[in-house]
Amino acid sequence: MLDRVVVAQKLARLKFAWNSDVSKELSRAAALRLKDLFKKIVFGAQLTDSLVPLLPAFEVASFQHSYCVLAVDGSQIYPDRSFADGQLALLNVGGILLDYGARVSAADFFSEPEWLTLEGCAKDVGAFPFCPELIDLLRSIRELELGLQRAVSLIQQGKNLDLVLFDGSMLQHGLMLKSLTLQKYVFEKLGRVLALFREHQILVAWYTSAPHAHGLAALVCDENVTDAQLLVQILGEWQTSPLFSVGQQLSMRGAVHPLDACVFLYFFTGQEVARLEFPRWIANKPELYGRVCALMRDQVEKGMGYPVALTEAHRQAVVSEADRQSILQLLEHSSFHGVRTAKMLRKIIVPV
């Protein structure tokens, strides 16, 4: 049994560089250098190979009108030997449609589970291990596809939809280190969905709480801290950083249109610095760009520090331990149930 008291005692003795006065002073100096850089940057000029400032900083306005937002999130059960002998994985994509009407507000919840098989994934993406990395990629694609499907359906029904919101980043970090077959599969899926959002003129954004990116920190030669740790020292409440474009489309092998490339900014909510990403076609129209930011402010304020729509979407998407146990019982009687190893049987039989 883990001795939690000993663990706590040893943790208390650990020292982290971020807590030292020297590191704090270096961080303040870096934050001031970043603030000075924001004043001097030339918009449209390349700062690094993958970073271009597009628009200046501003203060996010409040949103006082009725609106409708669709939020989508996903969860999963990863392949595991105790779960159909590692041949199955489960995706669950859930979400919520929040309609803030002038007189009456409404909420519509949904959840769509989907099985993934080792054999099926091998046919789709090639000889890539049936592992958590692959499941995460497929889940993110499924989130986008379901969000697009729901949004188009609402528009076809004549309903107004102001924003589709996702958790995390629109960039597939680390994908360039994977096989060419997997890259092609993901980029083609991503390019197709992003293009359809643009064609239907559906506003879409990705929200990251407590981001760990270091791109701006690297500009002032301090990659020991995150962009958020620097920006929290120089941004006022609901002030943003400049808007930046990411040169990610250069590495997407032409699958993603330049107008669908990622742009991002940071803003301070009063509690934390968050990162907001959306396609470049939105940034090209100031009225759309401002509207997305204002809607995000309203969502964060309604959620008391985190977008309320994303909170509710996560609740619909999460696969609880009770869900997992129920699924395991179903698998006991299915054709996917394989022979358990002695080790697995001992874990089940031996009481704790």
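1. A definition to start with: two strands pair if DSSP finds at least two bridges between them. By that rule β2 (residues 67-77) and β5 pair up, with 4 bridges joining them, and the two strands run parallel. If you want a spot to look at, Val72 stands opposite Phe166 in β5.

2. Before going further, keep in mind that this is a predicted model. The average pLDDT for the protein chain is 87, and 88% of the residues score at least 70. The stretch I'd leave alone is 345-352, where pLDDT stays under 50 and the model has 2 contacts beyond four places in sequence. Where pLDDT is low, the predicted coordinates shouldn't be read in detail.

3. Now the sheet as a whole. It is open, has 9 strands and mixed pairing, and reads β1-β7-β8-β9-β6-β5-β2-β3-β4 in order. At the edges sit β1 (51-55) and β4 (105-117), each pairing on one side only. From one strand to the next, the twist averages 25 degrees.

4. Which way do β3 and β4 run relative to each other, parallel or antiparallel? They are antiparallel, with 13 bridges joining them. The connection is a hairpin, and 4 residues take the chain from β3 to β4. Along this pair, Leu97 stands opposite Asp108 in β4.

5. Next, have a look at α4. This helix lies across β2, β3 (88-100), β4, β5 and β6 (204-208), and its direction is at about 150 degrees to β2.

6. Arg142 is a handy residue for following the packing here, as its place is in helix α4. What does Arg142 touch, leaving aside neighbours within four places in sequence? Its contacts are Leu91, Val93, Glu112, Glu114 and Gln149. Take Leu91 from that list: Arg142 and Leu91 are 51 residues apart in sequence, yet the C-alpha to C-alpha separation is 8.5 Å.

7. On to the largest pocket, whose volume is about 430 Å³. It is lined by 20 residues, and the closest to its centre are Arg139, Ser140, Ser169, Leu171 and Gln172. If you plan to inspect the site by eye, those five make a reasonable place to begin.

8. Where does the lining come from? Both α4 (132-156) and β5 (163-167) supply at least two residues each. The top contributor is α4, with 7 residues. So the helix that lies across β2, β3, β4, β5 and β6 also gives the most to the lining of the largest pocket.

9. Last point, on the chemistry of that lining: the residues divide into 7 nonpolar, 6 polar and 7 charged. Arg139, listed among the closest to the pocket centre, is counted as charged, because Arg falls in that class along with Asp, Glu and Lys.

Key: Residues numbered from 1 in each chain as written. Predicted model: local features only at pLDDT ≥ 70, side-chain atom pairs only at ≥ 80, totals over all residues. Heavy atoms only, no water. 1 Å grid on protein atoms, 1.4 Å probe; cavity = no way out; pocket = protein on both sides within 12 Å on 5 of 7 lines; lining within 4 Å. Points joined across faces, edges and corners; volume = space filled by probe spheres on them. Axes fitted to C-alpha atoms, helices over the stretch in contact; angles between N-to-C directions. Contact = heavy atoms within 4.5 Å. pLDDT = per-residue confidence, 0-100.
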